[in-house]
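Reader: I am new to reading protein models and would like to work through one with you. Could we take it one question at a time?

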Amino acid sequence: SGQEFRLGLAAQNLGPGLKFDQESSPLPATDGLGLAWQARPKGDLLTLSADQVLGRDQPHYMAAGAEYVVWRILAFRAGFRTDQDIGPGFRGGVGFKLKAFDVDYAFAGFGELGSMHRIGLLVRLGGPVETTPPEERALDAIFQKAARLMREQRHYEAVIEYAKVLEIDPGNEKALEGMKRAHQAMPDR
C-alpha cells in the first residue's frame with residue numbers, strides 16, 4: 001500500500017551514574033515511546049512522528065515532527081516540543097542530500113532570547129554510496145523485464161510484470177501506462 005508504521009521504545013542513560021572522588025551523581029534517565037508513519041506520495045517520502053518521553057528525574061514531554069523528502073535530495077522538516085519554557089516549541093529545518101555529502105540546517109525560536117540555528121555537514125569518504133532504495137531498484141528491474149517482454153511481443157507476460165509493480169506501488173502511473181500499451185498491442189481474439 002506504500003504506507004508503513006513504526007513503533008519504537010527507548011531507555012537512555014541507564015547505569016550507576018558519574019562518580020568523582022567520593023561524590024556520585026545519577027545519570028538523567030529517560031524512557032521513550034515513539035510512533036512514526038511513512039508514505040510515498042508521488043514517489044517522495046513523507047514521515048510523520050510522535051514521541052512521548054518520560055524522565056525519571058525530570059519532567060516528561062511530548063514531541064511531534066514531519067519530514068517531506070523531495071526527489072531523494074531535498075528535505076523539509078518541522079516539529080514541536082512541549083517542554084520548552086521560553087518561546088514556542090516549534091522547530092524547522094531543511095536538508096540537502098548529495099552523493100558525497102549532506103548539509104542540514106535547523107532552527108528553534110526561544111522568545112526574547114532569540115533563535116538557535118544549527119548547521120550540520122556530513123561528508124562520505126570512500127567508495128560510491130548507493131542512494132537508490134531497494135524497493136525502487138526492484139521496481140526498475142521489473143520495468144526492464146516488462147520492456148524486454150514488450151520488445152519480444154510477449155504482451156501477456158508484460159501485463160503480469162506491470163501487475164507486480166502495482167502490487168508494490170498501487171497507482172503507479174508508469175505501470176498503468178505500460179499495462180495499457182501491452183493490452184493495446186495484444187492481437188484481437
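Author: Happily, and let us start with a pair of charged side chains. Arg154 makes a salt bridge with Glu152, a salt bridge being a side-chain nitrogen of Lys or Arg within 4 Å of a carboxyl oxygen of Asp or Glu. The closest N and O atoms of Arg154 and Glu152 are 2.7 Å apart.

Reader: Before we go on, what kind of model is this, and how are residues numbered?

Author: Residues count from 1 along each chain as its sequence is written, and side-chain values use heavy atoms, with hydrogens and water left out. Local features need pLDDT of at least 70 and side-chain atom pairs count only at pLDDT 80 or more, while totals for chains, interfaces and linings use all residues, since this is a predicted model.

Reader: Thanks! Are Arg154 and Glu152 buried, partly exposed or exposed?

Author: Buried means under 20% relative accessible area, exposed means over 50%, and partly exposed is in between (1.4 Å probe, protein chains only). Arg154 has 32% relative accessibility, and Glu152 has 37%. Because of those values, Arg154 counts as partly exposed, and Glu152 also counts as partly exposed.

Reader: Which residues are linked with Arg154 and Glu152 in a network of salt bridges?

Author: Side chains of opposite charge can pair when their charged atoms come close. Here such pairs join up into a network that includes Glu152 and Arg154. The other members are Arg148 and Glu157.

Reader: How many salt bridges are there by this rule?

Author: We have already met the one between Arg154 and Glu152. Another joins the side chains of Asp102 and Arg124, at 2.7 Å from N to O. By this rule the count comes to 10 salt bridges.

Reader: How far apart in sequence are the parts that Asp102 and Arg124 tie together?

Author: Asp102 and Arg124 form a salt bridge. Asp102 lies in strand 9, and Arg124 in the loop between strand 10 (115-123) and helix 1. Helices (H or I, at least four residues) and strands (E, at least two) are DSSP runs, numbered from the N terminus. The pair therefore ties together parts that are 22 residues apart in sequence.

Reader: Why do Glu161 and Lys164 sit about one helical turn apart?

Author: These two also form a salt bridge, with the closest N and O atoms of Glu161 and Lys164 3.1 Å apart. Glu161 counts as buried at 5% relative accessibility, whereas Lys164 counts as partly exposed at 34%. They are separated by about one helical turn because both are in helix 2, at a spacing of 3 residues.

Reader: In what pattern do the helices and strands follow each other along the sequence?

Author: The protein has 3 helices and 10 strands. Read along the sequence, the pattern is β-β-β-β-β-β-β-β-β-β-α-α-α.

Reader: Are helix 1 and helix 2 roughly parallel or roughly antiparallel?

Author: Their axes are 8 Å apart and they pack at an angle of about 165°; axes are lines fitted to C-alpha atoms, for helices over the stretch in contact, and angles run from 0 to 180 degrees between N-to-C directions. Angles under 35 degrees count as roughly parallel, over 145 as roughly antiparallel, 65 to 115 as roughly perpendicular and the rest as oblique. So helix 1 and helix 2 are roughly antiparallel.

Reader: What about helix 2 and helix 3: is their crossing left-handed or right-handed?

Author: The axes of helix 2 (residues 155-168) and helix 3 (residues 173-185) come within 9 Å and cross at roughly 165°. A crossing is left-handed if the near helix is turned anticlockwise from the far one by less than a right angle, and right-handed if clockwise. Helix 2 passes helix 3 in a crossing that is left-handed.

Reader: Where is Trp71 found?

Author: Trp71 has a phi near 55°, a positive value in a residue other than glycine. Trp71 counts as exposed because its relative accessibility is 65%. Its place is the loop between strand 6 (61-70) and strand 7 (74-81).

Reader: And where does Gln153 lie?

Author: Gln153 also has a positive phi, near 65°, and is a residue other than glycine. Its relative accessible area is 57%, so Gln153 is exposed. Gln153 lies in the loop between helix 1 (134-151) and helix 2.
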